[in-house]
Amino acid sequence: MHNPCRICGGTVKGSIDLGRHPRGNAFPRPGETADEFFYRLVVGMCDVCTMVQLLEDIPQEVRYHDEYPYHASGSAIHRRHFEEIAQGFLDTELTGPDPFAVEIGSNDGVMLARIARAGVRHLGVEPSRQVAEMSRAKGVRVLPEFFDEGTAERIRAEHGPADVMFGANVIAHISHLASVLRGAALLLARTGVFVFEEPYLGSVVEKTAFDILYDEHSFVFSVRAIQAAAERFGLELVDARPMEIHGGSMRYTLAPAGARPVSPRVGELLEKEAAQGLGEHATLEEFARRARTVRDDLTALVRDLHAQGKRIVGYGAPAKITTVTNYCGIGPDLIPFVCDSTPSKQGRLVAGTHIPVRAPEAFSADHPDYALLFAWNHAEEIMAKEREFAERGGRWILYVPDVHIV
Ligand code: TMP
Ligand code: ZN
(Lines give C-alpha, C1' and ligand atoms only; values in the text may rest on other atoms or scores of the structure.)
(Ligands and ions follow the chains in the order given, each with its own letter.)
Protein backbone atom coordinates (compact mmCIF):
# COMPACT_ATOMS: atom_id res chain seq x y z
CA MET A 1 0.00 0.00 0.00
CA HIS A 2 1.36 3.46 -1.00
CA ASN A 3 -0.08 6.97 -0.58
CA PRO A 4 1.06 10.54 -1.19
CA CYS A 5 2.34 12.31 1.97
CA ARG A 6 -0.21 14.74 3.45
CA ILE A 7 2.54 17.26 4.15
CA CYS A 8 4.93 17.19 1.23
CA GLY A 9 3.47 14.94 -1.48
CA GLY A 10 6.32 12.38 -1.14
CA THR A 11 5.57 8.65 -1.12
CA VAL A 12 4.31 6.96 2.03
CA LYS A 13 4.90 3.22 2.08
CA GLY A 14 2.73 1.20 4.50
CA SER A 15 5.14 -0.53 6.92
CA ILE A 16 2.80 -1.43 9.79
CA ASP A 17 -0.41 -3.26 8.88
CA LEU A 18 -2.64 -4.04 11.87
CA GLY A 19 -5.60 -5.23 9.77
CA ARG A 20 -9.21 -4.09 9.91
CA HIS A 21 -10.29 -1.90 12.83
CA PRO A 22 -13.32 0.10 13.94
CA ARG A 23 -12.99 3.69 15.19
CA GLY A 24 -11.06 3.88 18.46
CA ASN A 25 -13.54 6.11 20.27
CA ALA A 26 -16.75 4.77 18.69
CA PHE A 27 -17.98 3.02 21.89
CA PRO A 28 -21.34 1.89 20.42
CA ARG A 29 -24.38 1.25 22.59
CA PRO A 30 -25.53 -2.36 22.91
CA GLY A 31 -27.84 -2.93 19.93
CA GLU A 32 -25.97 -0.38 17.79
CA THR A 33 -23.28 -2.70 16.55
CA ALA A 34 -24.83 -3.92 13.32
CA ASP A 35 -23.30 -1.30 11.01
CA GLU A 36 -19.98 -0.49 12.64
CA PHE A 37 -17.52 1.43 10.51
CA PHE A 38 -14.28 -0.46 9.74
CA TYR A 39 -11.10 0.67 8.01
CA ARG A 40 -7.68 -0.78 7.31
CA LEU A 41 -5.17 0.34 9.95
CA VAL A 42 -1.94 0.75 7.98
CA VAL A 43 0.79 3.19 9.02
CA GLY A 44 3.87 4.25 7.08
CA MET A 45 6.56 6.89 6.74
CA CYS A 46 7.09 9.48 4.00
CA ASP A 47 10.17 8.84 1.90
CA VAL A 48 10.97 12.55 1.76
CA CYS A 49 9.94 14.32 5.00
CA THR A 50 9.78 11.18 7.26
CA MET A 51 6.32 12.06 8.61
CA VAL A 52 4.69 8.89 9.98
CA GLN A 53 1.02 8.75 9.02
CA LEU A 54 -2.08 6.61 8.57
CA LEU A 55 -2.59 5.56 4.98
CA GLU A 56 -6.37 5.51 5.11
CA ASP A 57 -8.04 8.83 5.93
CA ILE A 58 -11.23 8.68 7.99
CA PRO A 59 -13.39 11.80 7.54
CA GLN A 60 -13.05 14.08 10.56
CA GLU A 61 -16.83 14.51 10.87
CA VAL A 62 -17.06 10.74 11.49
CA ARG A 63 -14.50 11.01 14.28
CA TYR A 64 -15.39 14.18 16.21
CA HIS A 65 -19.09 14.41 16.62
CA ASP A 66 -21.57 15.70 19.16
CA GLU A 67 -21.03 12.75 21.47
CA TYR A 68 -17.23 12.52 21.22
CA PRO A 69 -16.61 10.73 24.53
CA TYR A 70 -13.05 11.71 25.49
CA HIS A 71 -12.66 14.14 28.39
CA ALA A 72 -9.22 15.66 28.81
CA SER A 73 -9.77 16.33 32.51
CA GLY A 74 -10.56 12.65 33.25
CA SER A 75 -7.31 12.17 35.19
CA ALA A 76 -6.10 14.21 38.16
CA ILE A 77 -2.53 14.12 36.84
CA HIS A 78 -3.70 15.42 33.46
CA ARG A 79 -5.74 18.20 35.09
CA ARG A 80 -2.67 19.35 37.01
CA HIS A 81 -0.54 19.09 33.86
CA PHE A 82 -2.84 21.38 31.85
CA GLU A 83 -3.26 23.86 34.69
CA GLU A 84 0.54 24.11 34.92
CA ILE A 85 0.76 24.73 31.17
CA ALA A 86 -1.81 27.53 31.47
CA GLN A 87 0.08 29.06 34.39
CA GLY A 88 3.33 28.81 32.40
CA PHE A 89 1.79 30.80 29.55
CA LEU A 90 0.33 33.37 31.96
CA ASP A 91 3.79 33.86 33.47
CA THR A 92 5.69 34.13 30.18
CA GLU A 93 4.01 34.57 26.78
CA LEU A 94 0.82 36.23 28.01
CA THR A 95 2.30 39.14 30.00
CA GLY A 96 2.14 41.85 27.29
CA PRO A 97 -0.72 44.37 26.88
CA ASP A 98 -4.04 42.60 26.17
CA PRO A 99 -2.60 39.21 25.14
CA PHE A 100 -4.62 36.62 23.20
CA ALA A 101 -4.45 32.80 23.46
CA VAL A 102 -6.04 30.27 21.10
CA GLU A 103 -6.40 26.57 21.83
CA ILE A 104 -7.08 24.09 19.04
CA GLY A 105 -9.26 21.22 20.32
CA SER A 106 -9.91 22.83 23.69
CA ASN A 107 -12.03 19.80 24.69
CA ASP A 108 -13.66 20.31 28.10
CA GLY A 109 -11.72 23.52 28.73
CA VAL A 110 -9.27 22.10 31.26
CA MET A 111 -6.42 24.39 30.07
CA LEU A 112 -8.30 27.51 28.96
CA ALA A 113 -10.42 27.75 32.12
CA ARG A 114 -7.28 28.84 34.01
CA ILE A 115 -6.55 31.49 31.36
CA ALA A 116 -10.19 32.63 31.44
CA ARG A 117 -10.03 32.99 35.25
CA ALA A 118 -6.97 35.22 34.85
CA GLY A 119 -9.10 37.51 32.67
CA VAL A 120 -6.95 36.95 29.57
CA ARG A 121 -8.53 37.05 26.09
CA HIS A 122 -8.79 33.54 24.69
CA LEU A 123 -10.64 31.35 22.25
CA GLY A 124 -11.07 27.58 22.18
CA VAL A 125 -11.68 26.00 18.77
CA GLU A 126 -13.59 22.79 19.45
CA PRO A 127 -16.01 21.05 17.07
CA SER A 128 -17.31 18.34 19.47
CA ARG A 129 -20.48 19.82 20.95
CA GLN A 130 -20.74 18.07 24.32
CA VAL A 131 -17.19 18.83 25.41
CA ALA A 132 -17.50 22.39 24.05
CA GLU A 133 -20.56 22.86 26.31
CA MET A 134 -18.57 21.59 29.29
CA SER A 135 -15.91 24.22 28.67
CA ARG A 136 -18.50 27.00 28.28
CA ALA A 137 -19.77 26.09 31.73
CA LYS A 138 -16.23 26.90 33.00
CA GLY A 139 -16.34 30.38 31.47
CA VAL A 140 -14.33 29.48 28.37
CA ARG A 141 -15.13 31.13 25.05
CA VAL A 142 -15.50 28.50 22.29
CA LEU A 143 -15.76 28.55 18.52
CA PRO A 144 -17.49 25.25 17.61
CA GLU A 145 -15.47 24.53 14.46
CA PHE A 146 -12.54 22.60 13.03
CA PHE A 147 -9.35 24.66 12.91
CA ASP A 148 -7.86 25.25 9.46
CA GLU A 149 -6.51 28.06 7.33
CA GLY A 150 -9.95 29.63 6.82
CA THR A 151 -10.77 29.55 10.54
CA ALA A 152 -7.38 31.12 11.30
CA GLU A 153 -8.08 33.98 8.91
CA ARG A 154 -11.47 34.69 10.48
CA ILE A 155 -10.08 34.54 14.03
CA ARG A 156 -7.32 36.98 13.11
CA ALA A 157 -9.80 39.36 11.46
CA GLU A 158 -12.05 39.34 14.53
CA HIS A 159 -9.57 39.11 17.43
CA GLY A 160 -6.16 40.08 16.04
CA PRO A 161 -2.97 37.99 16.12
CA ALA A 162 -2.42 35.26 18.72
CA ASP A 163 0.42 35.43 21.23
CA VAL A 164 -0.05 31.77 22.08
CA MET A 165 -1.53 28.95 20.09
CA PHE A 166 -1.78 25.64 21.90
CA GLY A 167 -2.94 22.10 21.19
CA ALA A 168 -2.59 18.91 23.23
CA ASN A 169 -3.24 15.50 21.75
CA VAL A 170 -5.07 17.08 18.87
CA ILE A 171 -2.63 18.39 16.26
CA ALA A 172 -1.52 14.86 15.28
CA HIS A 173 -5.24 14.02 14.90
CA ILE A 174 -5.79 16.51 12.09
CA SER A 175 -5.29 14.99 8.65
CA HIS A 176 -5.32 18.47 7.07
CA LEU A 177 -2.22 19.33 9.11
CA ALA A 178 -0.78 21.33 6.22
CA SER A 179 -3.77 23.71 6.43
CA VAL A 180 -3.37 23.93 10.23
CA LEU A 181 0.28 24.98 9.84
CA ARG A 182 -0.64 27.52 7.18
CA GLY A 183 -3.31 28.78 9.58
CA ALA A 184 -0.81 29.01 12.44
CA ALA A 185 1.57 31.04 10.25
CA LEU A 186 -1.36 33.39 9.49
CA LEU A 187 -2.71 33.73 13.01
CA LEU A 188 0.48 33.99 15.08
CA ALA A 189 1.84 37.36 16.11
CA ARG A 190 5.46 37.88 15.00
CA THR A 191 6.45 37.32 18.64
CA GLY A 192 3.92 34.49 19.13
CA VAL A 193 4.42 30.76 19.66
CA PHE A 194 2.52 27.67 18.60
CA VAL A 195 3.00 24.99 21.27
CA PHE A 196 1.64 21.48 20.95
CA GLU A 197 2.23 18.17 22.65
CA GLU A 198 1.49 14.86 21.05
CA PRO A 199 2.47 11.19 21.44
CA TYR A 200 6.11 10.86 20.38
CA LEU A 201 7.26 8.41 17.72
CA GLY A 202 10.50 7.76 19.65
CA SER A 203 8.53 6.59 22.72
CA VAL A 204 6.01 4.64 20.66
CA VAL A 205 8.86 2.73 18.97
CA GLU A 206 10.83 2.29 22.19
CA LYS A 207 7.80 0.91 24.05
CA THR A 208 6.24 -1.01 21.15
CA ALA A 209 3.13 1.00 22.01
CA PHE A 210 1.23 -0.10 18.90
CA ASP A 211 -2.06 0.75 20.64
CA ILE A 212 -1.34 4.44 20.04
CA LEU A 213 -2.23 3.67 16.43
CA TYR A 214 -5.92 4.20 15.71
CA ASP A 215 -8.11 6.21 13.36
CA GLU A 216 -7.75 9.52 15.22
CA HIS A 217 -3.97 9.53 15.12
CA SER A 218 -3.50 10.62 11.52
CA PHE A 219 0.18 11.23 12.34
CA VAL A 220 2.81 10.14 14.84
CA PHE A 221 5.24 13.05 15.13
CA SER A 222 9.00 13.07 15.43
CA VAL A 223 11.25 16.11 15.92
CA ARG A 224 12.70 15.63 12.46
CA ALA A 225 9.32 15.47 10.71
CA ILE A 226 7.92 18.45 12.64
CA GLN A 227 11.01 20.51 11.88
CA ALA A 228 10.59 19.76 8.16
CA ALA A 229 6.83 20.43 8.21
CA ALA A 230 7.25 23.76 10.04
CA GLU A 231 9.82 24.90 7.51
CA ARG A 232 7.47 24.28 4.59
CA PHE A 233 4.95 26.76 6.01
CA GLY A 234 7.14 29.66 7.15
CA LEU A 235 7.49 28.45 10.71
CA GLU A 236 10.48 27.16 12.66
CA LEU A 237 10.84 24.51 15.35
CA VAL A 238 12.51 26.47 18.17
CA ASP A 239 12.15 23.98 21.02
CA ALA A 240 11.16 20.39 21.76
CA ARG A 241 10.79 18.82 25.19
CA PRO A 242 10.06 15.20 26.03
CA MET A 243 7.07 14.65 28.38
CA GLU A 244 6.00 11.60 30.36
CA ILE A 245 2.28 12.22 29.80
CA HIS A 246 0.26 9.82 27.60
CA GLY A 247 3.03 7.22 27.83
CA GLY A 248 5.64 9.43 26.15
CA SER A 249 4.89 12.70 24.37
CA MET A 250 6.90 15.58 22.95
CA ARG A 251 6.08 19.27 23.39
CA TYR A 252 7.00 21.22 20.26
CA THR A 253 7.32 25.00 20.10
CA LEU A 254 7.04 26.63 16.68
CA ALA A 255 7.56 30.32 15.99
CA PRO A 256 7.55 32.43 12.81
CA ALA A 257 10.78 31.59 10.94
CA GLY A 258 13.75 33.58 12.27
CA ALA A 259 11.78 35.19 15.11
CA ARG A 260 13.33 33.28 18.04
CA PRO A 261 16.60 31.52 18.87
CA VAL A 262 16.52 27.75 18.46
CA SER A 263 17.12 25.75 21.65
CA PRO A 264 20.12 23.39 21.58
CA ARG A 265 17.66 20.66 22.63
CA VAL A 266 16.37 20.49 19.05
CA GLY A 267 19.76 19.42 17.68
CA GLU A 268 20.30 16.97 20.53
CA LEU A 269 16.95 15.31 19.91
CA LEU A 270 17.61 15.11 16.16
CA GLU A 271 20.86 13.28 16.87
CA LYS A 272 19.10 10.90 19.22
CA GLU A 273 16.42 10.20 16.61
CA ALA A 274 19.05 9.43 13.98
CA ALA A 275 20.75 6.99 16.37
CA GLN A 276 17.36 5.32 17.05
CA GLY A 277 16.78 4.96 13.28
CA LEU A 278 13.49 6.86 13.52
CA GLY A 279 13.67 8.07 9.90
CA GLU A 280 14.05 4.57 8.45
CA HIS A 281 11.39 2.21 7.12
CA ALA A 282 13.27 -0.75 8.63
CA THR A 283 12.63 0.66 12.14
CA LEU A 284 8.87 0.63 11.53
CA GLU A 285 9.04 -2.87 10.05
CA GLU A 286 10.89 -4.11 13.13
CA PHE A 287 8.27 -2.35 15.30
CA ALA A 288 5.52 -4.23 13.43
CA ARG A 289 7.28 -7.53 14.18
CA ARG A 290 7.50 -6.70 17.88
CA ALA A 291 3.80 -5.72 17.89
CA ARG A 292 2.97 -9.19 16.53
CA THR A 293 4.99 -10.78 19.35
CA VAL A 294 3.11 -8.73 21.96
CA ARG A 295 -0.17 -9.77 20.35
CA ASP A 296 0.77 -13.47 20.40
CA ASP A 297 2.05 -13.32 23.99
CA LEU A 298 -0.96 -11.40 25.31
CA THR A 299 -3.47 -13.65 23.58
CA ALA A 300 -1.68 -16.77 24.86
CA LEU A 301 -1.54 -15.43 28.44
CA VAL A 302 -5.19 -14.39 28.57
CA ARG A 303 -6.36 -17.67 27.03
CA ASP A 304 -4.19 -19.68 29.40
CA LEU A 305 -5.44 -17.86 32.51
CA HIS A 306 -9.01 -18.21 31.28
CA ALA A 307 -8.50 -21.95 30.76
CA GLN A 308 -7.27 -22.16 34.38
CA GLY A 309 -10.59 -20.68 35.48
CA LYS A 310 -9.13 -17.29 36.48
CA ARG A 311 -11.30 -14.17 36.25
CA ILE A 312 -9.77 -11.37 34.20
CA VAL A 313 -11.33 -7.95 33.70
CA GLY A 314 -10.06 -4.91 31.85
CA TYR A 315 -9.10 -1.61 33.53
CA GLY A 316 -9.50 1.64 31.57
CA ALA A 317 -11.18 2.02 28.19
CA PRO A 318 -9.01 4.53 26.34
CA ALA A 319 -9.29 4.55 22.53
CA LYS A 320 -6.17 2.34 22.67
CA ILE A 321 -8.30 -0.58 23.93
CA THR A 322 -10.00 -0.74 20.54
CA THR A 323 -6.70 -1.34 18.75
CA VAL A 324 -5.39 -3.89 21.27
CA THR A 325 -8.53 -5.97 21.65
CA ASN A 326 -9.34 -6.01 17.93
CA TYR A 327 -5.74 -6.76 16.93
CA CYS A 328 -5.50 -9.56 19.53
CA GLY A 329 -9.04 -10.88 19.05
CA ILE A 330 -9.86 -10.48 22.76
CA GLY A 331 -13.61 -10.25 23.37
CA PRO A 332 -16.12 -10.60 26.23
CA ASP A 333 -15.61 -14.40 26.24
CA LEU A 334 -12.14 -13.77 27.75
CA ILE A 335 -12.69 -10.35 29.40
CA PRO A 336 -16.33 -10.04 30.56
CA PHE A 337 -16.07 -6.27 31.08
CA VAL A 338 -13.72 -3.32 31.37
CA CYS A 339 -14.19 -0.53 33.90
CA ASP A 340 -13.66 3.14 33.13
CA SER A 341 -14.32 6.32 35.10
CA THR A 342 -15.69 8.29 32.12
CA PRO A 343 -19.50 8.41 32.52
CA SER A 344 -20.11 8.76 28.75
CA LYS A 345 -18.32 5.46 28.08
CA GLN A 346 -20.14 3.46 30.77
CA GLY A 347 -22.93 1.25 29.46
CA ARG A 348 -21.28 1.28 26.02
CA LEU A 349 -19.21 -1.39 24.27
CA VAL A 350 -15.65 -1.42 22.97
CA ALA A 351 -16.07 -1.11 19.19
CA GLY A 352 -15.51 -4.30 17.21
CA THR A 353 -14.91 -6.64 20.15
CA HIS A 354 -17.99 -5.53 22.12
CA ILE A 355 -16.52 -5.78 25.60
CA PRO A 356 -18.96 -3.92 27.90
CA VAL A 357 -17.69 -0.80 29.72
CA ARG A 358 -18.76 -0.40 33.35
CA ALA A 359 -18.10 2.02 36.19
CA PRO A 360 -15.01 1.41 38.38
CA GLU A 361 -17.37 0.31 41.20
CA ALA A 362 -17.95 -2.91 39.23
CA PHE A 363 -14.25 -3.61 39.75
CA SER A 364 -13.99 -2.75 43.44
CA ALA A 365 -17.26 -4.50 44.34
CA ASP A 366 -16.00 -7.87 43.12
CA HIS A 367 -12.25 -7.97 42.54
CA PRO A 368 -11.14 -10.33 39.75
CA ASP A 369 -7.98 -12.47 39.86
CA TYR A 370 -6.30 -10.39 37.14
CA ALA A 371 -6.80 -6.90 35.73
CA LEU A 372 -5.58 -6.16 32.22
CA LEU A 373 -4.47 -2.52 32.31
CA PHE A 374 -5.45 -0.85 29.04
CA ALA A 375 -4.92 2.67 30.48
CA TRP A 376 -1.24 1.75 31.03
CA ASN A 377 -0.12 5.37 30.73
CA HIS A 378 -2.05 6.05 33.97
CA ALA A 379 -0.60 3.00 35.76
CA GLU A 380 0.70 4.90 38.77
CA GLU A 381 -2.55 6.79 39.42
CA ILE A 382 -4.73 3.72 38.87
CA MET A 383 -2.62 1.28 40.90
CA ALA A 384 -2.55 3.75 43.80
CA LYS A 385 -6.34 4.14 43.61
CA GLU A 386 -6.88 0.36 43.45
CA ARG A 387 -4.30 -0.61 46.09
CA GLU A 388 -6.80 -2.90 47.77
CA PHE A 389 -7.00 -5.09 44.66
CA ALA A 390 -3.28 -5.92 44.82
CA GLU A 391 -3.36 -6.21 48.62
CA ARG A 392 -5.97 -8.92 48.28
CA GLY A 393 -3.79 -10.86 45.86
CA GLY A 394 -5.03 -9.39 42.56
CA ARG A 395 -2.42 -9.07 39.81
CA TRP A 396 -2.05 -6.51 37.02
CA ILE A 397 -1.34 -7.60 33.45
CA LEU A 398 0.57 -5.09 31.33
CA TYR A 399 1.55 -5.37 27.67
CA VAL A 400 3.87 -2.37 27.33
CA PRO A 401 6.75 -2.62 26.50
CA ASP A 402 6.13 -6.39 26.60
CA VAL A 403 3.61 -8.71 28.22
CA HIS A 404 4.23 -9.03 31.96
CA ILE A 405 2.39 -9.48 35.26
CA VAL A 406 2.99 -7.29 38.31
P1 TMP B 1 -6.21 8.34 28.04
O2 TMP B 1 -5.02 7.46 28.21
O3 TMP B 1 -6.54 8.58 26.61
O4 TMP B 1 -6.12 9.57 28.89
O5 TMP B 1 -7.47 7.52 28.58
C6 TMP B 1 -7.47 6.98 29.86
C7 TMP B 1 -8.79 6.27 30.13
O8 TMP B 1 -8.70 5.62 31.39
C9 TMP B 1 -9.97 7.20 30.18
O10 TMP B 1 -11.06 6.61 29.48
C11 TMP B 1 -10.29 7.32 31.66
C12 TMP B 1 -9.77 6.01 32.22
N13 TMP B 1 -9.30 6.12 33.59
C14 TMP B 1 -9.97 5.41 34.59
O15 TMP B 1 -10.92 4.70 34.30
N16 TMP B 1 -9.53 5.54 35.88
C17 TMP B 1 -8.48 6.33 36.22
O18 TMP B 1 -8.12 6.41 37.40
C19 TMP B 1 -7.79 7.05 35.17
C20 TMP B 1 -6.63 7.91 35.51
C21 TMP B 1 -8.24 6.91 33.88
ZN1 ZN C 1 6.32 13.97 3.32
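Biologist: Which residue in strand 4 stands opposite Met45?

Modeller: Helices (DSSP runs of H or I, at least four residues) and strands (runs of E, at least two) are numbered from the N terminus. Strand 4 covers residues 52-54 and runs antiparallel to strand 3, with three bridges joining them; two strands pair if DSSP finds at least two bridges between them. Opposite Met45 stands Val52.

Biologist: Hang on, from which number are residues counted along each chain?

Modeller: First, this is a predicted model: local features need pLDDT of at least 70, side-chain atom pairs count only at pLDDT 80 or more, and totals for chains, interfaces and linings use all residues. Chains are lettered from A and ligands numbered from 1 in the order in which they are written, and residues along each chain, as its sequence is written, are numbered from 1.

Biologist: Back to that hairpin: which residue in the turn has a positive phi?

Modeller: Strand 3 and strand 4 form the hairpin, with five residues between them. In the turn, a positive phi of about 65° belongs to Thr50.

Biologist: And what is the bridge partner of Val12 in strand 3?

Modeller: Strand 2 and strand 3 (residues 38-46) run antiparallel, joined by eight bridges. The partner of Val12 in strand 3 is Cys46.

Biologist: Which strand gives the largest share of the side of domain 1 that touches domain 3?

Modeller: An automatic or database assignment sets the domain bounds, with domain 1 at 2-62 and domain 3 at 283-405. Counting a contact when C-beta atoms, placed from the backbone, lie within 7 Å, 17 residues of domain 1 meet 16 residues of domain 3. Six residues on the domain 1 side come from the strand with the largest share, strand 2.

Biologist: Is Phe389 buried or exposed?

Modeller: Phe389 sits in helix 14 (residues 387-391) and, beyond neighbours within four places in sequence, is in contact with His367, Ala371 and Gly394. A residue is buried with 20 or more other C-beta atoms within 10 Å of its own, exposed with 12 or fewer, and partly exposed in between. Phe389 has 20 such atoms within 10 Å, so we call it buried.

Biologist: How many residues are in the largest nonpolar core?

Modeller: Such a core is a set of buried Ala, Val, Leu, Ile, Met, Phe, Trp, Tyr and Cys residues joined through C-beta atoms within 7 Å. Phe374 is one of the residues with the most contacts inside the largest one; leaving out residues up to four places away in sequence, Phe374 touches several residues, including Tyr315 and Val338. The core's residue count is 126.

Methods. Contact = placed C-beta atoms within 7 Å.
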